[in-house]
Amino acid sequence: MTLFHFFNCAILTFGPHAVYYSATPLSEYDTLGTSVKAAVVYLATALVKLVCLATFLQVSETEVFDPYQEALKAMIGFIDVAGLYFALAQLTHRNISQNHKFQAVGLGWAFADSVLHRLAPLWVGARGLEFTWDYVLQGLEANANLVFTISLAALGSLMWLRKNKPKTLIPIIYTCAVIIATMPSITSYLRRVMGWHFPKVVGFELMTSLVMAFISCQLFILCQRPSL
Amino acid sequence: MAEEKNSKQRHHRSMLLDSMYPVVALMLVLVACVELCDAATVVDVYRLIQYDISGAPFGSRFSSLNHHAASLSFQHGADLSRSVLILPLRELDIAFVQDYISQKQSLGGLLILLPQTFRPGYIGGGETQDGLRVLLAQLEKLLLHSNIPFPVYFAFENEETDAMLADVKKNDALGQQATATTGGYKLVISVSEPRKIASPTITNIQGWLPGSRADGDSNQLPTIAVVASYDTFGAAPALSVGSDSNGSGVVALLEVARLFSTLYSNPKTRGRYNLLFALTSGGPYNYEGTQKWLKSLDQRMRESIDYAICLNSVGSWDNELLVHVSKPPENAYIKQIFEGFSNVAEDLGFQVSLKHKKINISNSRVAWEHEQFSRLRVTAATVSELLTPPELLESAGSLSDTRQHVNEDSIIKGVKLVAESLARHIYGHQGKDIQIFADNSSLAVNRFYVKSWLDSLSQTPRVAPFLSKNEPLIMALKKELEDYTAEVSIQQESLDGIFTFYDSTKASLNIYQVASVTFDLLLLLVLGSYLIMLFSFLVITTRGLDDLISIFRRPPSRKMKIA
């Protein structure tokens, strides 16, 4: 499909990140540094996850859903959460509001994720003559991932950075965070056990991401209510 | 001062750029190495032969291909000059192809799909209908004798090509040709342009089995020659396996050599005749190899040849085998040979007939192999199942000449005929009712030997110009004759004069499913509008959200910058 298709898929995969950055007040407050730091933390997290996966996981030849392996993968997935915690809480950022910090961190995180996981297949595959819908679906998945990451960052910032939260909301916050963090396991479960094809899985991801974003947005607003 | 600073800056910049060059070069190399070869389907295809006779071009003159696929259901008047027409053999209309070629209409390329049963080495049921074989023979004849200005390839049907063809047909019927998102197929064969084969060689292999001389007899022993030509010629040189023409002849010769080598290994049963076995090349080209081989023989050796038996296509006959001669049937030698044959045939339960065809000296066409012997005054006959002599470049290993249509029993009967009659002549038992090579004896014809050589030859394409000097086939035949005869020699000559051949006989076809440019543009439009919508949504919500939050909070601690 040559370079035209590659260009299309690239703007679908990476465009929303740039749009998000420029559309929201993030660009006004010049939070690029935060995003870059979050991207670097993501790189480090990815490395640690790789090492853990290589050490503890057995590679099975067939695409069989092994609950034990999946549970292990989910636990390693929590390293992601730890990395996000580090990026949100431990790194020193310039004096930007809570609101913008989680967005910048989420954006940087999602961008690094897209680049690492999707750029190479896109470069190698989308330039060929053969046309498949795979790369367009991959771009949509990147979009869903962006929304997920920002929601997770929002919930993370609620969990770790906000000291006084209404007691009733805390369990909801934690359950939502757990759901988002285990999204990869859920999708692989759907793909292998239920036999869903890629388009269906991507559709499911998009819908869930919107739902999660809405919920976390509401939670965020609710937690803003008690005055600081 | 400023100037100095400027120049220093420029110097630094140029140094930086210089150091970047190797990095950039490396990136470019890396990028280029990631080649776009990820086709959904790759199929082996075999090109139509390209050759010249005295400078007149024949066959397909091009080899590389990069066009969209089209099928026979295309709309009338559609321009096919940038399409490859895919023709399955089952739906072939010879008149259509003939029209296309004779009217010199431009076509991007032609891909002919053959059923799997024509594949060399195909094991499995399914008799091919005779209709298909006849059609294929007609098609080959047409293609071989035309000058075709576009690439023509043969391929075997498989699931992927079937699926692709069905898709292409569906879209052609709807009038869309590669404009819809998943309707277009692009066929790409990327090979270099075909080049002339510089000096094609023909290789003759001869094996000499000496007879036993009586004590005190110093005269030269007479010789009997058994000859078969082993090379083929067909529309697709990579598929020219020629099971019957002349794989059957080669197998029969090898079996006769084996039987006589067993007889001659024991000095008590060694006959008073020398035996000369020759596997000649250059058969389809007026038996040029045979001529060169005969001329290279020592004059005395040639004069000592009593007679020669040439074997040509003995693999698919039932009741009648023909003996073709060029000397008149009244000739004493011919009579003797033929009587020998008919006696044996009677005993074995089939019939032989004599056919006489005069040689026309002025005509350079050599119809049978024995004519080359006759031109040098050596008595010879050809044993064949064919009634009429084949035309130039025909019946020499066409696509329809596959293993399935060759019968081992026919070859075995032929071997028995030749071996018995030779043996009766050598040992002086003409007319007697003896079976030297009887079944279930130690000299019986070995069915497994015949079958295994026939199977192996039916998977080896043997077009002479494409065989290298040390081709495994030639080495194998040489080794086989070495096992059975005392002296083996190889003669290599170059194929003369009027024939020129071009290489590139086999290639890989990549089939890509492509989407059109309009699809790309459409996608770009959709994505552009999506991004714009996203942008406006985010602006509305976040600026709005900020406002919303500030309502629930005390007056904000910092002033919002106004965009």
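Colleague: In this predicted model, which residues is B:Glu157 in contact with, once its neighbours within four places in sequence are left aside?

Modeller: B:Glu157 is in contact with B:Pro88, B:Arg90, B:Leu113, B:Leu114, B:Pro115, B:Gln116 and B:Asp162, and B:Glu157 itself is found in the loop between β8 and α4 of chain B.

Colleague: Why is B:Glu157 called buried?

Modeller: The relative accessibility of B:Glu157 is 11%, and buried means under 20%, so B:Glu157 counts as buried.

Colleague: What makes the pairing of the side chains of B:Glu157 and B:Arg90 a polar contact?

Modeller: The two side chains are joined at 3.2 Å, and because the definition asks for a pair of N or O atoms within 3.5 Å, the value meets that cut-off.

Colleague: How do you know that β1(B) and β8(B) pair?

Modeller: Two bridges join these strands, which run antiparallel, and since a pair needs at least two bridges, the count satisfies the definition; B:Tyr46, for instance, stands opposite B:Phe154 in β8(B).

Colleague: And what makes β1(B) and β19(B) a pair?

Modeller: Here the strands are joined in the antiparallel sense over six bridges, where at least two are required, so they too count as paired, with B:Thr41 standing opposite B:Ile511 in β19(B).

Colleague: Why is strand β1 of chain B described as mostly covered?

Modeller: Five of the seven residues in this strand, which spans residues 41-47, are buried, each therefore having under 20% relative accessible area.

Technical notes: Residues numbered from 1 in each chain as written. Chains lettered and ligands numbered in written order. Predicted model: local features only at pLDDT ≥ 70, side-chain atom pairs only at ≥ 80, totals over all residues. Heavy atoms only, no water. Buried < 20%, exposed > 50% of the residue type's maximum accessible area, 1.4 Å probe, protein only. Helix = DSSP H or I, 4+ residues; strand = E, 2+ residues; numbered from the N terminus. Polar contact = N/O pair within 3.5 Å; in protein donor to acceptor, adjacent residues only side chain to side chain. Contact = heavy atoms within 4.5 Å.
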